[in-house]
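Subject: Structure handover

Hello,

Here is the structure I said I would pass on. My notes on it follow below.

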Amino acid sequence: MTSTASLDALLREVLTPCAHPGGPGASAAVVRDGRILASYGCGLADVERHVPAALHTNYRLASLSKAFTAMAIMLLTDKRQLNIDDCARQFLPALPACANDIRVRHLLNHTSGLWDYEDFVPADQPAQVHDHDALALLTVHEQLYFSPGAAYRYSNSGYVLLGLIVEAVSGVSFARFLHEHIFASLGMRATVAHAEGISTVPERAWGYTVMSHGAQRTDQSPTSATLGDGGIYSSVADLAAWTHALATHALVRPTTWRDAVTPPLLADGGRGPYGFGWFVEHDDAGMWLWHHGETMGFTNGIACDPARDLAVIVLTNRTGGAPWQSAQRVLHTLRTSPA
């Protein structure tokens, strides 16, 4: 296994482009067996107050949240409170008739054919869109991109609906379900599906966009308030527990997880790239998973190898960049280096 000193140097190297002196920063960690082997923070979590980014800084995860939404569905599946092949309209009857054949499974692996709710939100809209607002936007469109299950198209709409399905089935808010059944049980004490005015984010990183005149706070957009597709805040420290739970099947049965990392067969005979909340890859070293997270003011990446209980996490509080490539690069180095 690569030495701790080498890991520190590698993280420092890949994070250097993610931070600016006196500007927004990044936090990263290499995790094996739930233990942080190396971590590195650079830049500022709060530029105005000069608070440095660190191991316990909480960033908005953006689409890294999707893995938690998918896990919530899997937990309900294991409890036999729903079946992933149930019709989505069974839980969300407000969906239009064109959604009759959309199954929960299609929402999970981005094969539903649903329109993107963001397409109907003006960039200058003053009020933020919440999950039920997104559902309302989808109810007025009586067509799909394609027949459910026929093709792959990445869809934030699908994951907003999955969060609403969790609420409909469990009878509690999506944020509460995540806290009680995932975050609290894994000891992720600072992680939260954040709703302004309802919850708070400790050690919060604020989002920025770096411009020619410096860093400008751009922490929120009209679509920053939806939860199912990207509203979770967490730190690299808490995410270490999360990746370890995936590797050890601490939350769901191995058979459920196996379904989650099996991409769907499409109409053209090929397979989509996505399982349940993760992009799924295979190479000579076996299967590995990854995800990007991009939203106003935050850009993140995670890559993990569950069979080796190995993960690399990179979180940044700035618009732009591709930290998922950094995470993948470090993971590849570790998976191919001598033990």
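Helices in these notes are DSSP runs of at least four residues in state H or I, strands are runs of at least two in state E, and both are numbered from the N terminus. By that rule, Thr256 belongs to helix α8, which covers residues 254–260. Please keep in mind that this is a predicted model.

Since Thr256 has come up, here is the rest on that residue. Its relative accessibility is 10%, and because buried means under 20%, Thr256 counts as buried. Beyond its neighbours within four places in sequence, Thr256 is in contact with Met74 and Asp78. Trp324 lies 68 residues away from Thr256 along the chain, and the C-alpha atoms of the two are separated by 26 Å.

The sheet

Six strands make up an open sheet, in the order β2-β1-β13-β12-β11-β10, and their pairing is antiparallel. The edges are taken by β2 (35–42) and β10 (279–283); each has a single partner strand, so one side of each is left without a neighbour in the sheet. From one strand to the next, the twist averages 15°. As background, strands of a sheet pair through backbone hydrogen bonds, either parallel or antiparallel.

At the β10 edge, the partner is β11 (residues 286–295), and these two strands pair in the antiparallel sense over five bridges. Within that pairing, His282 stands opposite Met287 in β11.

Helix α7 (residues 236–247) lies across four strands: β1 (26–32), β2, β12 (298–305) and β13 (310–316). Its direction relative to β13 is about 150°.

There is also a hairpin, formed by β7 and β8 with two residues between them. Strand β7 spans residues 208–211 and strand β8 spans residues 214–217; they pair in the antiparallel sense over four bridges. In this hairpin, Thr209 has Gln216 in β8 as its bridge partner.

The core

In general, nonpolar side chains in soluble globular proteins tend to be buried together. Here, the largest nonpolar core has 98 residues, and the members that touch the most others are Phe68, Ile182 and Trp242. The element that gives the most to this core is helix α2 (residues 66–78), with nine residues.

What does Ile182 touch, leaving aside its neighbours within four places in sequence? Ile182 is in contact with Phe68, Met71, Ala72, Leu75, Phe177, Trp242 and Leu251. Phe68 and Trp242, both on that list, are also the two residues named beside Ile182 for touching the most other core members.

Helix packing

Helix α5 (residues 156–170) packs against helix α4 (residues 131–138) at an angle of about 120°, with the axes 9 Å apart. That angle makes α4 oblique to α5. The crossing of these two helices is left-handed. On the α4 side, the contact is made by Asp131, His132, Ala134, Leu135 and Leu138; on the α5 side, by Ser157, Val160, Leu161, Leu164 and Glu167.

The axes of α2 and α5 come within 10 Å and cross at roughly 40°. Helix α2 is therefore oblique to α5. This crossing, too, is left-handed. Lys66, Thr69, Ala70, Ala72, Ile73 and Leu76 of α2 make the contact with Asn156, Tyr159, Leu162, Gly163, Ile165, Val166 and Val169 of α5.

Loop residues

Three loop residues are worth listing.

- Ala62 is in the loop between β5 (59–60) and α2. Ala62 has a positive phi of about 55° although it is not a glycine. With a relative accessible area of 3%, Ala62 is buried.
- Ser65 is found in the loop between β5 and α2. Its relative accessible area is 0%, so Ser65 is buried. Leaving aside neighbours within four places in sequence, Ser65 is in contact with Asp229, Gly230, Gly231 and Ile232.
- His110 is in the loop between α3 (104–108) and α4. His110 also has a positive phi, of about 60°, and is not a glycine. At 1% relative accessibility, His110 counts as buried.

That is what I have so far.

Regards

Terms used. Residues are numbered from 1 along each chain as its sequence is written. This is a predicted model: local features need pLDDT of at least 70, side-chain atom pairs count only at pLDDT 80 or more; totals for chains, interfaces and linings use all residues. Side-chain values use heavy atoms; hydrogens and water are left out. Two strands pair if DSSP finds at least two bridges between them. Axes are lines fitted to C-alpha atoms, for helices over the stretch in contact, and angles run from 0 to 180 degrees between N-to-C directions. Contact means heavy atoms within 4.5 Å. A nonpolar core is a set of buried Ala, Val, Leu, Ile, Met, Phe, Trp, Tyr and Cys residues joined through side-chain atoms within 4.5 Å. Buried means under 20% relative accessible area, exposed over 50%, partly exposed in between (1.4 Å probe, protein chains only). Angles under 35 degrees count as roughly parallel, over 145 as roughly antiparallel, 65 to 115 as roughly perpendicular and the rest as oblique. A crossing is left-handed if the near helix is turned anticlockwise from the far one by less than a right angle, and right-handed if clockwise.
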